[in-house]
Amino acid sequence: MGKLFGTDGARGIVGTELDVNLALKIGASTARILKNDKDKLTFLVASDTRISKDILKFALASGVLSENANIIDLGVIPTPAISYLIKKYKADGGFVISASHNPSEYNGIKVFNNEGYKLADELEEKIEEIILNDFELTKEVNKVGTYETAVNAKKDYVNYLKNTIDSDLHKLNIGVDTANGAAYETAEMLFKSLKANFHIINNNPNGLNINDKAGSTHLEGLQKFVIDNHLDCGIAFDGDADRCLLVDELGNVVDGDKIM
């Protein structure tokens, strides 16, 4: 484990352990390390709903653009979406601005390669080396990348998820807890497309309430909701929706590892 990157990217309290200067350096050094024979690299960037998402995202994007690489902004979308969309959009890598299940004062930066997997440890170490040893931005101001917003990112991701299921869910009454996080829009889109009878809670993010007594780390709210409303099951996402936990009609936690 390096000095900047832990087991799941760079993460910490915003303003102290993770700030705009570090985000800019991570963006620029990642683009610099991953340069290859292509004329210009393209990276995707996504985030969850934390209030700090934009200052970190735009700082990171500025670093990428300074290295003559392009950025496509996916907006607020689950972390697994970037793994899928990197390949669909033929990007060279991607970033997710998120601190997963942690409270809103935390944030993080996860880096992905062109196959949609987390960046290899040796590449993270090279990025750290650039950042920690007299980092300087490229001074070629006439050679910068472009920034654009992906209009159909959520739709493309939800369509992919829908196509992994061979039937609709119209017979089920489902409770869904999005933790006021990254799945607050895509979860509704998905369950509508699957014709499920669903009821969403904790899907009004304000930048500060992500994971706040909600989602997969606080199942008690969903358990009560399922029991009180006589639902068949409940699904709780974490902040960046790269994991979920389920409860049955009695509010019991379902262990996915034991399902055959």
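This passage walks through two sheets, the helices that pack on them, and one buried residue in a predicted model.

A good place to begin is the sheet of 6 strands. This sheet is open, its pairing is mixed, and its strands follow the order S1-S5-S4-S2-S3-S6. At the edges stand strand S1 (10-13) and strand S6 (147-149), each of which pairs on one side only. On average, neighbouring strands of this sheet are turned by 20 degrees against each other, direction ignored. It helps to recall what holds such an arrangement together: strands of a sheet pair through backbone hydrogen bonds, and they do so either parallel or antiparallel.

One pair of strands shows this nicely. Strand S4 (residues 93-97) and strand S5 (residues 106-112) run antiparallel and are joined by 4 bridges. Within this pair, Val 96 of S4 has Lys 110 in S5 standing opposite. Helix H3 (residues 79-88) packs on the sheet, where H3 touches S2, strand S3 (70-76), S4 and S5. The direction of H3 makes about 165 degrees with that of S4. Helix H1 (residues 20-33) lies across S1, strand S2 (42-47), S4 and S5, and runs at about 5 degrees to S5.

Next comes the sheet of 5 strands. This sheet, too, is described as open with mixed pairing, and its order is S8-S7-S9-S10-S11. Its edge strands are strand S8 (197-201) and strand S11 (253-254), each pairing on one side only. Strand S10 (residues 244-248) is linked to S11 by 2 bridges, and the two run antiparallel. Here Val 247 has Val 253 in S11 as its bridge partner. Helix H7 (residues 220-228) packs on the sheet and touches S7, S8, S9, S10 and S11, with a direction at about 155 degrees to that of S9. Helix H6 (residues 186-193) lies across strand S7 (173-177), S8 and strand S9 (233-237), running at about 170 degrees to S8.

Finally, a single residue deserves a look. Asp 48 sits in the loop between S2 and helix H2 (53-66). Is Asp 48 buried or exposed? With a relative accessible area of 0%, Asp 48 counts as buried, because the cut-off for that word is under 20%. The side chain of Asp 48 also makes a polar contact, at 2.8 Å, with the side chain of Arg 50. Leaving aside residues up to four places away in sequence, Asp 48 touches several others, among them Lys 53, Val 76, Ile 97, Ser 98, Ala 182, Ile 210, Gly 239 and Asp 240.

Key:
Residues numbered from 1 in each chain as written. Predicted model: local features only at pLDDT ≥ 70, side-chain atom pairs only at ≥ 80, totals over all residues. Heavy atoms only, no water. Pairing = 2+ DSSP bridges. Axes fitted to C-alpha atoms, helices over the stretch in contact; angles between N-to-C directions. Contact = heavy atoms within 4.5 Å. Buried < 20%, exposed > 50% of the residue type's maximum accessible area, 1.4 Å probe, protein only. Polar contact = N/O pair within 3.5 Å; in protein donor to acceptor, adjacent residues only side chain to side chain.
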